[in-house]
Every structure is written in C-alpha cells, then in structure tokens.
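Please work through the exercises below with the sequence and the model side by side, trying each task before reading its solution.

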Amino acid sequence: MWQCLARLDPQARLYRRPSWRWLVVGGYAAGLFALSSAPGSRRLVAAEKRLVRRQRWALPRWLLYDKVVHALVFGLGTVLLCRALHGQTPARSPRQIALYSVLAALGYGITDELHQARVPQRTAEVADVVADGLGAALAAWGWLHAAPRWPWLR
C-alpha cells in the first residue's frame with residue numbers, strides 16, 4: 001500500500017524519467033520518417049512555383065517555406081534530444097550534450113534525405129541537410145543558454 005503512495009510523490013513525476021524522454025524522441029523521429037515517406041504532391045509543388053513567380057519582392061526561394069520548416073523541425077528535435085540526454089547523463093557537461101544532439105540530428109537529417117531520394121515525387125537536397133544542421137545548431141545554442149533559467153528544458 002505504501003509503495004503506491006510513493007509513486008504519487010511529485011518528485012517522481014513520469015515526465016522526469018529518462019525513458020519517457022526517449023519515447024518522445026523516438027515518437028518524434030518516427031513521425032518525421034512517416035512524413036518523409038509520403039509521396040510528394042504535384043499540386044503542392046505547382047502551387048509553390050506559382051507563389052515564387054508571383055512574388056513582388058526579391059526574397060531568395062529558400063527563405064519562403066521549405067528550408068525554414070526544415071530548420072524548425074530539426075531544431076525542435078535537437079531540443080528533445082538535449083532533454084533526453086541530460087536526463088540520462090546529468091554528469092556530462094551541457095556543451096557535450098548539445099554537441100551530441102546536433103550530431104545526432106544532423107545524422108538523422110542526412111539519412112532522411114537519402115530516404116527521400118527513394119520516395120516517388122520527392123527529392124534529396126544538400127540545402128535541406130544544411131538547413132537541418134543550422135536549425136539543430138541554433139536550437140542547441142538556445143538550449144545551452146535557456147536551460148539554466150528554465151528547469152523544464154533540462
């Protein structure tokens with residue numbers, strides 16, 4: 001009976017356990033894999049090309065949509081990785097955790113682009129990997145500076 005009450009202890013919350021954090025990272029990676037496995041839509045590509053043609057100001061094409069989304073998605077994945085690594089190995093320095101997270105996110109980005117090269121109506125671009133790496137590096141830098149102030153990021 002007392003063992004059940006010990007589980008209700010606020011210090012032993014479920015989201016503080018490293019295994020829960022790794023489940024979130026795995027679910028996020030599986031969701032990205034599922035999205036990159038879907039064949040590309042010709043309508044979406046045609047609509048994006050029309051938007052670029054109608055553009056009245058001189059913004060580069062990569063700023064419009066695709067690369068920014070890549071950076072945001074891999075940035076969020078990097079923060080999730082930082083939290084999972086910090087929860088499992090709190091003895092490591094935050095810089096090491098950030099570096100390992102960026103390298104893991106970049107490796108996943110490379111394998112994701114190789115996977116997309118084999119999906120019908122999808123392409124693999126080096127610029128996507130660069131955007132993934134840039135988003136991961138910026139998110140890790142943000143995690144390094146924000147985690148000491150915000151405990152929920154640790």
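**Exercise 1. State how many helices and strands the protein has, and in what order its elements run.**

Solution. The protein contains 7 helices and 0 strands, where helices (H or I, at least four residues) and strands (E, at least two) are DSSP runs numbered from the N terminus. Read from the N terminus on, the order of the elements is α-α-α-α-α-α-α. This is a predicted model, in which local features need pLDDT of at least 70 and side-chain atom pairs count only at pLDDT 80 or more, while totals for chains, interfaces and linings use all residues. Residues are numbered from 1 along each chain as its sequence is written, and side-chain values use heavy atoms, with hydrogens and water left out.

**Exercise 2. Describe how helices α6 and α7 pack, giving the angle and the distance between their axes.**

Solution. Begin with the geometry: α6 (residues 94-116) and α7 (residues 126-146) pack at an angle of about 160°, and their axes lie 9 Å apart. The axes are lines fitted to C-alpha atoms, for helices over the stretch in contact, and angles run from 0 to 180 degrees between N-to-C directions. Angles over 145 degrees count as roughly antiparallel, and α6 and α7 are therefore roughly antiparallel to each other.

Next, identify the residues in contact, meaning heavy atoms within 4.5 Å. On the α6 side they include Ile97, Val102, Leu106 and Ile110, and on the α7 side they include Val129, Ala136, Trp143 and Leu144.

Finally, sort the contact residues by character: 13 are nonpolar, 2 polar and 4 charged. Here Ala, Val, Leu, Ile, Met, Phe, Trp, Tyr, Cys and Pro count as nonpolar, Asp, Glu, Lys and Arg as charged, and the others, Gly among them, as polar.

**Exercise 3. Find the salt bridges that lysine 67 forms with glutamate 125 and aspartate 128, and decide whether each residue is buried or partly exposed.**

Solution. A salt bridge is a side-chain nitrogen of Lys or Arg within 4 Å of a carboxyl oxygen of Asp or Glu, and by this rule the count comes to 2. In the pair of lysine 67 and glutamate 125, the closest N and O atoms are 2.9 Å apart; this pair joins helix α5 (residues 66-88) to the loop between α6 and α7, across 58 residues.

In the pair of aspartate 128 and lysine 67, the closest N and O atoms are 2.9 Å apart, and the partners, in helices α7 and α5, are 61 residues apart.

For the accessibility step, buried means under 20% relative accessible area, exposed over 50%, and partly exposed in between (1.4 Å probe, protein chains only). Lysine 67 is buried because its relative accessibility is 9%, whereas glutamate 125, at 30%, is partly exposed. Aspartate 128 is buried. Taken together, Lys67, Glu125 and Asp128 are linked in a network of salt bridges.

Key:
Parallel < 35°, antiparallel > 145°, perpendicular 65-115°, else oblique.
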